[in-house]
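User: I'm new to this one and would like to learn how to read its features. Could you walk me through them?
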Amino acid sequence: MKQKVTNQTRRQMLIGGAAAASAPLWLNVANAQADTIKIGFPTPLTGPFSAEAQDQVKAAELAIKEFNDAGGFNGRKAELLVRDDKLNPGEAATRTLELIEKDKVNFVVGSLSAATQLSINAVCKERKVLFNSISQSDAINEAKDWSVYTFHEALNPTMTAGAVARYSIPRFGKKIVFLTADYAYGHEMVRAFERAGKEMGATTLADIRHPLGASDYSAFLPRIKALNPDILVLCNFGRDLVNAAKQCTDFGLKSSMKIVTPVLLYTSRLAGGPEAFEGIIGGTSYYWGLEDRIPTAKAFNDAFRKMYNGSVPSDYGALGYAGVKSVLAGVKIAKSTDTLKVVTAMENMKYDWYKGPEYYRKCDHQAVQTVIIVESKSKNMKDKYDVFNILTIEPTTEKNMRSCAELGHKA
Amino acid sequence: MTGLTFELLCMQLLTGIALGSIYALLALGLCLIFGMLNVVNFAHGAFFMVGAFLGVYFLGVTGSFWFSLVLTPLITGGIGLLTERFLVRPLYGRGLDYPLLLTFGLSYVLIEVMRVTFGIEGLPSITPEGLGGTLNVGIGFFPKYRLFLIVATAIIILGVWFFIQKTRYGLIIKAGAADQEIVKVLGVDIAKVWLLVFGLGCAIAGLSGILASPTRSVNPEMGIPILAESFVVTVVGGMGSPVGAVVAGLFVGIVYSMTSLFFPDLAELSIFVLMAVVLLIRPQGLFGKAGAMG
């Protein structure tokens, strides 16, 4: 009996203590809910795109810091709520729903795969929450997936693959073979490359589809060699691209054909090394080396270097920065966090965060921007960050995008 | 398919053999451990991954591929010895599932350790000097390194075969796999044999990791898909049969390669279809004894 009493007392003390200890915390939470502008940020922190995802978070945090350092919006600070979507569309939808319902985020920015961004978009569309996607997709701007709450900060395959086709076909030849990751994004890259190639009279010899996440591509290579194309287009991403580039190099394909890829990632190039990527040409939304010619790139790089021990932002990292920055700029212009007011503000915004002038096209909220064509280098590198030569910058124009009518939007 | 030539078929076959070599080597380690200890080693892919990381790291530090080819399996083998002694041993006699769950957990620990040590992006792998580029093999150009891979794997497999068939230790291992009780009665410390076999299996996994590293990207998750493939190989060959592991490894590599030529998008699926077909016809695998799963 005595034992029981002691236990009860102890329990009461524990509960009381816990309540007392957490009281300031509760007050904080209550304050935070009223005051900060919350941005939900689902991204695949684990899985094959994790390197890119971590960089997105780092750069997004920089955008938040800059906003807060500048005094926020009427004294309201911004806050980033990062969630791991594990590159799984179901997980991404669940996390996004949680961010909206439980964490009461004001906006959602993020994602790093065609499939996850579509599922995040579907949730945001239904809940009428603004979503600024920082991953490539063509489908997200099409009328069936798009809503007025959807923004697309990233380039899309029509823009990147198109730009790479326009650069490479006149220079290297018209016979094309694709090695394609068998999923939505891979197919979109092929479609866009062919679309641009058709105007120049290019022909497709084969589109060889491989499963997503294959680690050995050697079994596809003898046939590619036998087909003897002028250009081999690697329509895959992340580690798939690293492995494919490496094995194409090993099999000596570069001696008889030019290898190009719609999206040549900075992080993939670092992971694959100079030898594997030597001479491969691709498109990208950003390369830190732009700082020699674009002042905002210099400012962005410097801020990033200062925050992260001298390292430079990657292409997808830069998108994380721009994605958050656009939304917060929208809040300032709208003088409100009301979603529709921010949407209108963003629709009318002309901005230059890091790569020169950009704006969102009215009909589908696609960010109209330049595509940078880079070539991977293997010689005369100044340091480990010096990996690309900028060959050309395809200028900002809606002409190279699919028209609003084509996407199913009413003009 | 247009443009199908004899040369192309031969190249495809050779590619399949190179692919299969790694499968065979991995499955051999897996099946030594299973055949002897009755442990399904789910950390095998992680040991492969650790081997690849260490291989690239030592190659970077010392500049010698051959040195790291010797050092890496010694280290992964050492980790294997510690794993058996302190983690797996307490679980003997509790059936298949306890060690299976333990090694599954261990694989995640190893992945995390590599992520923390080397970063999530992984390391750029290096083709050893003199083995880069391609060689004309009569029917076309084939990467020198993959030819080396085929030869190296063959030597290692023959070495393991020699060790098991021709040495005293090998005799004890075979006897232990057949009947532990009798071996114990004959005065052999069976615990030491188990320790050695587990270490050997992990050393072979590490060795396959460093051998495979110049052909693919080295990253913390690289062991996961290949583990699934090596289990397919082990099942096709027959659980616990070293000969089966080697034959099935090459077989799976060739099937994958040939499917890639005609139906590229079904390549991944083909090896699982192969497994299903083999299991339907011979449930114990090509070289397996019935009831190997105990």
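Analyst: Sure, starting with a term: buried means under 20% relative accessible area, exposed over 50%, and partly exposed in between (1.4 Å probe, protein chains only). Helices (H or I, at least four residues) and strands (E, at least two) are DSSP runs, numbered from the N terminus. S9(A) is mostly covered, with five of its six residues buried. This is a predicted model, where local features need pLDDT of at least 70, side-chain atom pairs count only at pLDDT 80 or more, and totals for chains, interfaces and linings use all residues. Residues are numbered from 1 along each chain as its sequence is written, chains are lettered from A and ligands numbered from 1 in the order in which they are written, and side-chain values use heavy atoms, with hydrogens and water left out.

User: Which strand is joined to S9(A) by three bridges and comes from residues 231-235?

Analyst: Strands of a sheet pair through backbone hydrogen bonds, either parallel or antiparallel. Here two strands pair if DSSP finds at least two bridges between them. The strand you're after is S8 of chain A, which runs parallel to S9(A). Leu232(A) sits opposite Ile259(A) in S9(A). To get from S8(A) to S9(A), the chain goes through helix H8 (residues 239-250) of chain A, in a right-handed β-α-β crossover. Right-handed means that, with the strands pointing away from the viewer, the path from the first strand over the helix to the second runs clockwise.

User: How many bridges join S9(A) to S10(A)?

Analyst: Three, and S9 (residues 258-263) of chain A runs parallel to S10(A). Val263(A) stands opposite Gly283(A), while the bridge partner of Thr261(A) in S10(A) is Gly282(A). This β-α-β crossover is right-handed too, with helix H9 (residues 266-277) of chain A between S9(A) and S10(A).

User: Which residues of S10(A) point one way, and which the other way?

Analyst: In a regular strand the side chains alternate between the two faces of the sheet. In S10 (residues 281-284) of chain A, Ile281(A) and Gly283(A) point one way, Gly282(A) and Thr284(A) the other way, and all are buried. S10(A) also has four bridges to strand S14 (residues 371-376) of chain A, and that pair runs antiparallel. In it, Gly283(A) stands opposite Ile373(A).

User: What is the strand order in the open sheet of five strands?

Analyst: The order is S2-S1-S3-S4-S5 in chain A, with parallel pairing. Its edge strands, each pairing on one side only, are S2 (78-84) and S5 (150-152) of chain A. From one strand to the next, the twist averages 20°. Seven bridges join S1 (residues 37-43) of chain A to S2(A), and Gly40(A) has Leu81(A) as its bridge partner in S2(A). Helix H3 (residues 89-101) of chain A packs on this sheet, touching S1, S2 and S3 (107-110) of chain A. For contacts like that, heavy atoms must be within 4.5 Å.

User: What about the open sheet of three strands: which are its edge strands?

Analyst: They are S11 (350-351) and S13 (367-368) of chain A. The order is S11-S12-S13, with antiparallel pairing. Two bridges join S11(A) to S12 (residues 358-360) of chain A, and Lys350(A) has Tyr359(A) as its bridge partner in S12(A).

User: At what angle do H2(A) and H11(A) cross?

Analyst: Two packed helices are described by the angle between their axes and the distance between the axes. Axes are lines fitted to C-alpha atoms, for helices over the stretch in contact, and angles run from 0 to 180 degrees between N-to-C directions. H2 (residues 50-69) and H11 (residues 315-334) of chain A cross at roughly 30°, and their axes come within 6 Å. That makes H2(A) roughly parallel to H11(A), since angles under 35 degrees count as roughly parallel, over 145 as roughly antiparallel, 65 to 115 as roughly perpendicular and the rest as oblique.

User: And are H10(B) and H11(B) parallel or oblique to each other?

Analyst: Oblique. H10 (residues 242-262) of chain B and H11(B) pack at about 135°, with axes 8 Å apart. Among the residues making the contact are Phe251(B) and Val255(B) of H10(B) and Ile271(B) and Leu274(B) of H11(B).
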